[in-house]
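Reader: I'm new to this one and I'd like to know how the labels get earned. Could you walk me through the reasoning?

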Amino acid sequence: MTKYAFVAALAALAWTAPAPAQTTAPADPTTEEFEKFRAVMEDANPAELWEVKGEQLWKTRRGPKNASLEQCDLGLGPGVVKGAYVQLPRYFPDVGKVMDAERRIVHCMVTLQGFSFEEIAKRPFSSGNYTPDPVSIVTFVAAQSRDMKIAVPQSHPKERETWELGKAIFHYRAGPWDFSCATCHGEDGKRIRTQNLPNFTKHDQAPRSFIGWPGYRMTGGVMHSLQWRMNDCFRQQRFPEPGYASDTITALLSYMGVNSNGFVYKGPGIKR
Amino acid sequence: MDRSRRIVLKGAGATGAFAAALAAGLLRPGAAAAAWNKGAFDAKTTADAMKALGYAGAVESKDIVIRAPEIAENGAVVPIDITSNIPGTTSISVFIEKNPFPYTGTFDVSQGALPFVHLRAKIGESSPVRVVVAAGGKHFTTAKEVKVTIGGCGG
Amino acid sequence: MADPMKIRATLQGDVADVRVLMAHPMETGQRKDPAGNVVPLHFIQTITAQLNGKPVFAADISQAISRNPVFAFKVKGAKAGDKLAITWTDNKGDKRTDEVTVGGS
Amino acid sequence: MKTKWIATGVAAAVLAGCAAMKDEAAYRREAAEAVKRDFHARGIATMDRLNQDELQRVCTEYNNNPPPALAKKIEDAQFETIKLPADRKFMGDWKVGARLAASGVGMTWSDKPGAAGGSCYNCHQLSPQQTSFGTMGPSLTGFGKKRGFSTENQQYAYMRIYNSKAFTACSSMPRFGHSGTLTEQQIKDLTAYLMDPNSPVNK
């Protein structure tokens, strides 16, 4: 049967196409119920346990070079942690690259402390009782930007290019299921199951994800950073695995971060 | 053994020295764990657990307030606030009826705490959360249903 | 050794509002690790709190309490500068005590 | 003089327009290069997954909104990919379909080859009893009851699941048959879940 014969047969049955899905989300009682308890959960967030751990790791002399991270330059000068997280990703002249927070921390662990990037990248995500050091450290660093405005810079040409690249990767459809990041995060008011999907192309919604990370994830009871969030999104996207602390991840975080500029960062979050 | 008696026994040595001994790890954990009611914790039903705790005759009360989500965002971490408005409340016990082992814990507030507790529990499937309050040697109870659903991509 | 607790004890009149975060896996004995092996039961069983050395709150709990447990309770008759100590003990005999000053940070 | 200014202005505008378009296309090319450089194969998720087919390329380029003629061309080509069951029977077991509809696994690097569900509830409301459902796609509650339990509608459901792009060029819905995610029998079971009068979807 040709397509047209088939469509004609359907039409003969006076079958009408379903009304298009609603473009604006109706008031969603499930979401409202979750929101009621969000403040309760945030008030006592196990993420604080990793803030403490991360601070120790930041200050302790470790690694082959027996150095602390207190000379690490997160963009505001060596050792300046306060406010650094909400201004990342940014361009770093010493490496000629844009780096996100965790990538920069790992860079400092490699250059200042002598750790091996390959070793860190072998097991970069939390599972069970294991939390990689960069995850604890980024939790500490992020907490030092609590209640500060997100201000990811776009003054250097490389920063603007990185944002553009992030936008293009965000919209890149591929894989067996034809997904891009935008498939789930390019429309307003959509859900997967009961989980809300912020539209990252919109300035008012992008912060809804960016602000919650690093986050204590109730599933598994582990601490996760944005590096993990990007990794697991690509898994769900049915893509191959993105490299840890790679240009692709930095570009996506640049896209999300800049789109969140002007909003107040609330510190490490708690996630479903 | 009655929980409040256990606290009194422990309270007998409750001086700065006791706290210091605890902090220094001098007291054997076995001493503190002696009264942990294994029979109740191992019970497969709320009724059996309540029997093991001596709560079998608990009467329904509107003076116990349970604040928990109607639908939990994640069954692994369900926030529960319990406040008892019953005068003389000495302890608050929690049972998650559909969990494999319903008895979740007892919070002793007889030694100077207000009759309130916040906890976060694992709820395997939609279930009533039952609370039993001990007050003046009597037992009171109420329950609230918490729904647990599938949240994310499921993969 | 177990990681430290995070305790906050703020003062509302003469009531100390206590909130505690504990680092503990709270294994139910039913979970499997990625290799498919059952992770044995491992959970906090008892919690006690002392205000200046005097017991003020206690709990017996099961493995159904969430991983990395969070509790809040309220202690009467507290004043700024009081010492609040919390101790937990788990089913393997591991234990941990941490202390904060009421009304402190 | 004046006309020259205008002419220059127009030329500049055209140039600027071209430059902007060129930039976007350049970034799209760069994105394709970046992912191919930064990603690695893991489990069943091989690197060839990053190569866009014609449909993926067009949908990316037009932000899922291609010109109508191009959309029609894609839809016609996708329609041709649909393999109907040899026995022309579209209905399987709705009970098996119910399990497939609720399963979100399949095709990720942590999944085993061949182990896949339909992920239907991630995006659609189906049985009114299931309160946990996504809203990315339209509600399919009462699918068969509303449309009529005809063979044509069974075939339509089968085709939609097999290759949704045959009807909407840049639909968000995966091509479950075309991509080899679901077998013919699994698509039949899902069709039954939508179209069987006894299925909870139609209750």
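Author: Sure. Let's start with a word we'll need a lot: a residue is buried when its relative accessible area is under 20%, and exposed when that area is over 50%, with partly exposed in between. Keep in mind that this is a predicted model.

Reader: What share of chain C counts as buried?

Author: By that cut-off, 59% of the 105 residues of chain C are buried. For chain A, 60% of the 272 residues count as buried.

Reader: What is chain C made of, in terms of helices and strands?

Author: Chain C has seven strands and zero helices, so to speak a plain β-β-β-β-β-β-β from the N terminus on. Its C-alpha atoms fill a box of roughly 50 × 25 × 20 Å along the principal axes. Chain A has eleven helices and ten strands, and its box is roughly 80 × 40 × 35 Å.

Reader: How many disulfides are there over all chains, and how do you know?

Author: The test is a pair of cysteine sulfur atoms within 2.5 Å. By this rule the count is two over all chains.

Reader: What makes A:Cys72 and A:Cys108 a disulfide?

Author: Their sulfurs are 2.0 Å apart, and the cut-off is 2.5 Å, so the pair passes. A:Cys72 is in the loop between α3 (47-59) and β1 (90-92) of chain A, while A:Cys108 is in helix α4 (residues 101-111), so the bond ties together parts that are 36 residues apart in sequence. Both A:Cys72 and A:Cys108 are buried.

Reader: Why is the disulfide of A:Cys72 and A:Cys108 called right-handed?

Author: The torsion about its S-S bond is about 75°, so the disulfide is right-handed.

Reader: Which cysteines in chain D form a disulfide?

Author: D:Cys59 and D:Cys170, with an S to S distance of 2.0 Å. This pair links distant parts of the chain: D:Cys59 is in helix α2 (residues 54-61) of chain D and D:Cys170 is in the loop between α7 (151-162) and α8 (184-195), 111 residues apart.

Reader: And is the disulfide of D:Cys59 and D:Cys170 right-handed or left-handed?

Author: The torsion there is about -90°, so the disulfide is left-handed.

Reader: How do you know whether D:Cys59 is buried or exposed?

Author: D:Cys59 has 1% relative accessibility. That sits under the 20% cut-off, so D:Cys59 counts as buried. D:Cys170, at 9%, counts as buried too.

Reader: Why is A:Cys181 in no disulfide?

Author: The nearest cysteine sulfur, that of A:Cys233, is 6.9 Å away. A disulfide needs the sulfurs within 2.5 Å, so A:Cys181 does not qualify. At 12% relative accessibility, A:Cys181 counts as buried.

Reader: What about D:Cys123: which cysteine sulfur is nearest?

Author: That of A:Cys184, 6.5 Å away, and D:Cys123 is in no disulfide.

Reader: Why is D:Cys123 called partly exposed?

Author: Its relative accessibility is 22%. Buried would need under 20% and exposed over 50%, so D:Cys123 falls in between and counts as partly exposed.

Reader: What is the average pLDDT of chain B?

Author: Chain B averages 83, and 77% of its residues score at least 70. Over residues 1-34 of chain B, though, the pLDDT is below 50; this stretch has 44 contacts in the model beyond near neighbours in sequence.

Technical notes: Residues numbered from 1 in each chain as written. Chains lettered and ligands numbered in written order. Predicted model: local features only at pLDDT ≥ 70, side-chain atom pairs only at ≥ 80, totals over all residues. Heavy atoms only, no water. Helix = DSSP H or I, 4+ residues; strand = E, 2+ residues; numbered from the N terminus. Buried < 20%, exposed > 50% of the residue type's maximum accessible area, 1.4 Å probe, protein only. pLDDT = per-residue confidence, 0-100. Contact = heavy atoms within 4.5 Å.
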